[in-house]
Amino acid sequence: MDLNTRIRTSFNRQGMLVTLGASLTHVAPGEIEIEVPIRPEVSQQQGYAHGALPFAIGDSAAGYAAVTLLDAESDVVTSEMAIHYLAPGVGDRLVARGSVIKPGKRMLVTQADVYAVTGTEERHIARLTGTMVRVPLRQD
């Protein structure tokens with residue numbers, strides 16, 4: 001199975017991302033892009049995207065970026081993830097761009113930048129950095 005198919009197949013099994021209406025918009029070795037619409041159901045009390053939304057797609061983008069560098073029998077789980085919120089999530093959708101800072105045999109250091117998008121205008125709203133740990137692919 002090629003890389004694109006492998007990542008998209010795994011992504012489609014992510015119940016959380018499916019529930020949020022997220023889509024995988026870019027797959028390349030060490031790089032992933034995920035988009036999600038900003039809907040009233042994922043807002044906070046002031047109408048901005050709830051902070052859990054950029055965290056969810058940023059964590060997933062960083063994790064899948066790590067997976068793109070692994071063999072087909074490996075997957076990752078998040079060991080730790082920090083987020084820095086830079087601006088409110090206001091717009092039509094959020095876009096998370098995940099990448100790998102330092103690949104390792106067991107642990108991979110990753111990051112994701114999240115943008116609020118209105119039309120063609122992007123505003124950087126969050127940066128995540130974290131560590132992914134390689135685990136065997138679960139074959140259920």
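## A sheet, its helices and one aromatic pair

Let's start with two rings: Phe11 and Tyr64 are both buried, where buried means under 20% relative accessible area, exposed means over 50% and partly exposed lies in between, using a 1.4 Å probe and protein chains only. Before going on, a word on the model: it is predicted, so local features need pLDDT of at least 70 and side-chain atom pairs count only at pLDDT 80 or more, while totals for chains, interfaces and linings use all residues. Residues are numbered from 1 along each chain as its sequence is written, and side-chain values use heavy atoms, with hydrogens and water left out.

Back to the rings. A search of the whole structure turns up one aromatic pair. The ring centres of Phe11 and Tyr64 are 6.1 Å apart and the planes meet at 55°, so this pair is tilted. For Phe, Tyr and Trp (its six-membered ring), a pair needs centres within 6.5 Å; planes under 30 degrees apart are stacked, over 60 edge-to-face, and the rest tilted. The pair ties together distant parts of the chain, with Phe11 in helix H1 (residues 3–11) and Tyr64 in helix H3, 53 residues apart. Helices (H or I, at least four residues) and strands (E, at least two) are DSSP runs, numbered from the N terminus.

Now follow helix H3 itself. For its 16 residues, 52–67, a rise of 1.5 Å a residue predicts a span of 22 Å, and the end C-alpha atoms are indeed 22 Å apart; the expected span is 1.5 Å times one less than the number of residues. Of those 16 residues, 14 are buried, so H3 is largely enclosed by the rest of the structure. Ser60 belongs to this helix and is buried, with a relative accessible area of 10%. Setting aside residues up to four places away in sequence, Ser60 touches Gln14, Leu17 and Ile34, contact being heavy atoms within 4.5 Å.

Next comes the sheet. Six strands form an open sheet in the order E1-E2-E4-E5-E6-E3, with antiparallel pairing; two strands pair if DSSP finds at least two bridges between them. At the edges are E1 (23–28) and E3 (74–85), each pairing on one side only. From one strand to the next, the twist averages 25°. H3 lies across E2, E3, E4, E5 and E6, running at about 40° to E4. Such angles run from 0 to 180 degrees between N-to-C directions, with axes fitted to C-alpha atoms, for helices over the stretch in contact.

Strand E5 (residues 107–118) has nine of its twelve residues buried, so the strand is largely enclosed by the rest of the structure. With E4 (residues 93–102), E5 pairs in the antiparallel sense over nine bridges, and Ala96 has Val114 in E5 as its bridge partner. Four residues make the hairpin connection from E4 to E5. On to E6 (residues 121–136): twelve bridges join this strand to E5, again antiparallel. The E5–E6 hairpin has two residues between the strands, and Gly119 in the turn has a positive phi of about 65°.

Gly130 in E6 is a handy landmark, standing opposite Thr110 and also opposite Met81. E3 and E6 run antiparallel, joined by eleven bridges. Further along, Val135 lies in E6 and counts as partly exposed at 24% relative accessibility. Leaving aside neighbours within four places in sequence, Val135 is in contact with Glu73, Ser74, Asp75, Val76 and Val77.
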